[in-house]
Amino acid sequence: MPLNREGKFIEKKFVTNNKKIVIKILVLITILIAIAFIDFYLLPKTETDDVITHYAVKTVQGKNGTLKEKVSYRFITKNGLHFSTQKKFIDEPNIEIKHTLLFKTITNVKSKLHDYSDNVTSGFNGIMFYCYLILLFSIGISLKILLAKKGCSENAFYNIICFNSFMIFVIAYMDLLF
């Protein structure tokens, strides 16, 4: 660790030059996630009657070459909304959907006979919620390190960038899958 004459830690020039940019990006990501959480949990939902036009089955190969197991179903509606259900196929084309105002995230799906809301895996349902919480926790720790008066080593700076980028990649990939 490089130290100055008083024995205090000195940040590398790369860290000093890019620290403000990384802080702004992390704050922006936090604000976007906060808006998405507000949209999903606090703002009122819109109910629409819709028709399922397309669906796809996601399967996983069983152990030792056994038959494929159905894991989830992805549905696309006439109004362009899309959602996934976990192991529950919706065999009725006419459905009632509740979705958020800003991001059109599906929260509830009902048909005349069944309520599929507990099986919806899109949005903040399921593992996505925990991925967002891990990212927010990581951003909180990262901002605490970056804003500390002590300074930040180049290795810690790279770790902050890499881990948060990895979590953003995982969330984006899972959002595309579901």
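## Salt bridges

In this predicted model, K98 is partly exposed, with a relative accessible area of 25%. This lysine meets E47 in a salt bridge between their side chains, at 3.8 Å from N to O. E47 belongs to strand 1 (residues 46-60) and K98 to strand 4 (residues 94-99), so this pair links distant parts of the chain, 51 residues apart. E47 also counts as partly exposed, at 46% relative accessibility, because the class covers values between 20% and 50%.

The count of salt bridges in the model comes to 3. Another of them joins the side chains of E154 and K12, at 3.9 Å from N to O. E154 lies in helix 3, whereas K12 lies in the segment before helix 1, so the pair ties together parts that are 142 residues apart in sequence. Both partners are partly exposed: E154 has a relative accessible area of 24%, and K12 has one of 43%.

K87 and E69 also form a salt bridge, and their closest N and O atoms are 3.5 Å apart. This pair, too, links distant parts of the chain, 18 residues apart: K87 is in the loop between strand 3 (82-86) and strand 4, and E69 is in strand 2 (residues 69-77). E69 counts as partly exposed, at 45% relative accessibility.

## Residues with a positive phi

Most residues other than glycine have a negative phi. Which value of phi does K87 have? For K87, a residue that is not a glycine, phi is positive, at about 55°. As noted for its salt bridge, K87 lies in the loop between strand 3 and strand 4.

K104 is also a residue other than glycine with a positive phi, near 55°. This lysine lies in the loop between strand 4 and strand 5 (106-110). At 43% relative accessibility, K104 counts as partly exposed.

## The largest pocket

The largest pocket of the model has a volume of about 630 Å³. Its lining is made by 27 residues, and those closest to the centre of the pocket are A36, F103, T105, Y132 and D175. By type, the lining residues divide into 17 nonpolar, 7 polar and 3 charged.

Which helices each supply at least two residues of this lining? They are helix 1 (13-41), helix 2 (127-147) and helix 3 (154-177). The largest share, 6 residues, comes from helix 1.

## A nonpolar surface patch

A nonpolar patch of about 700 Å² lies on the surface. The residues that make this patch are V27, L28, I31, L32, I35, L101, L102 and F103. F103 is also one of the residues closest to the centre of the largest pocket.

Within the patch, I31 may be taken as an example. I31 lies in helix 1 and is partly exposed, with a relative accessible area of 45%. This residue can belong to the patch because its relative accessible area of 45% is over the 30% that patch residues need.

## A long separation in space

N94 is found in strand 4, the strand that also holds K98. N94 is partly exposed, with a relative accessible area of 44%. How many residues apart in sequence are N94 and M167? They are 73 residues apart in sequence, and in space their C-alpha atoms are 36 Å apart.

Key:
Residues numbered from 1 in each chain as written. Predicted model: local features only at pLDDT ≥ 70, side-chain atom pairs only at ≥ 80, totals over all residues. Heavy atoms only, no water. 1 Å grid on protein atoms, 1.4 Å probe; cavity = no way out; pocket = protein on both sides within 12 Å on 5 of 7 lines; lining within 4 Å. Points joined across faces, edges and corners; volume = space filled by probe spheres on them. Helix = DSSP H or I, 4+ residues; strand = E, 2+ residues; numbered from the N terminus. Nonpolar A, V, L, I, M, F, W, Y, C, P; charged D, E, K, R; others polar. Patch = residues over 30% accessible without salt bridge, like charges linked within 9 Å, V, L, I, M, F, W, Y side chains within 5 Å. Areas by Shrake-Rupley, 256 points an atom, 1.4 Å probe, with all protein chains shown as cover. Salt bridge = Lys/Arg side-chain N within 4 Å of Asp/Glu carboxyl O. Buried < 20%, exposed > 50% of the residue type's maximum accessible area, 1.4 Å probe, protein only.
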